[in-house]
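User: I would like to go through this structure and ask what stands behind each label. Please set the values against the definitions.

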Amino acid sequence: MNYLIDHETESIHRTTFAGDQCGFHNSSMDKREFTQSLSYVEKLLTEHHYKKCVFCGS
Ligand SMILES: [Zn+2]
């Protein structure tokens with residue numbers, strides 16, 4: 001699974017399901033990060049209180 005992390009809104013998207021409704025296009029390019037690391041995603045969720053996107057979240 002590929003994830004798109006939006007550091008501006010502190011939200012995490014699944015790239016397969018992400019779309020315009022996710023709103024990350026409004027965030028700066030340099031605030032977006034792609035990763036395949038589930039452990040990194042879970043660390044952000046649990047330690048940094050990032051949120052899974054309601055539109056494409058797992
Ligand atoms: Zn999303």
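Analyst: The protein chain has 1 helix and 4 strands, and their order along the sequence is β-β-β-α-β. Helices (H or I, at least four residues) and strands (E, at least two) are DSSP runs, numbered from the N terminus. This is a predicted model, in which local features need pLDDT of at least 70, side-chain atom pairs count only at pLDDT 80 or more, and totals for chains, interfaces and linings use all residues. Residues are numbered from 1 along each chain as its sequence is written.

User: What makes the protein chain as compact as a globular protein of that length?

Analyst: The radius of gyration, taken over C-alpha atoms, is set against the globule rule, 2.2 Å times the number of residues to the power 0.38. For 58 residues the rule gives 10 Å, and the protein chain has a radius of gyration of 10 Å, close to that, so it is as compact as a globular protein of that length. The C-alpha trace spans about 25 × 20 × 20 Å along its principal axes.

User: Why is Ser11 called buried?

Analyst: A residue is buried if 20 or more other C-beta atoms lie within 10 Å of its own, exposed if 12 or fewer, and partly exposed in between, with C-beta atoms placed from the backbone. Ser11 has 22 such neighbours, so it counts as buried. Of the 58 residues of the protein chain, 21% count as buried. Ser11 is in strand β2 (residues 11–14).

User: Which residues is Ser11 in contact with, leaving aside its neighbours within four places in sequence?

Analyst: They are Asp6, Tyr50, Lys51 and Cys53. Two residues are in contact if their C-beta atoms, placed from the backbone, lie within 7 Å. Across the protein chain, residues 24 or more positions apart account for 60% of the contacts with a separation of 6 or more.

User: Why does Glu10 count as partly exposed?

Analyst: Glu10 has 14 C-beta neighbours inside 10 Å, which lies between the two cut-offs, so it counts as partly exposed. Glu10 is in the loop between β1 (3–6) and β2. Its phi is near 55 degrees, a positive value in a residue other than glycine.

User: And His49: what makes it exposed?

Analyst: His49 has 8 C-beta neighbours inside 10 Å, and the limit for exposed is 12 or fewer, so the label applies. His49 lies in the loop between α1 (38–47) and β4 (51–52). Although not a glycine, His49 has a positive phi of about 60 degrees.
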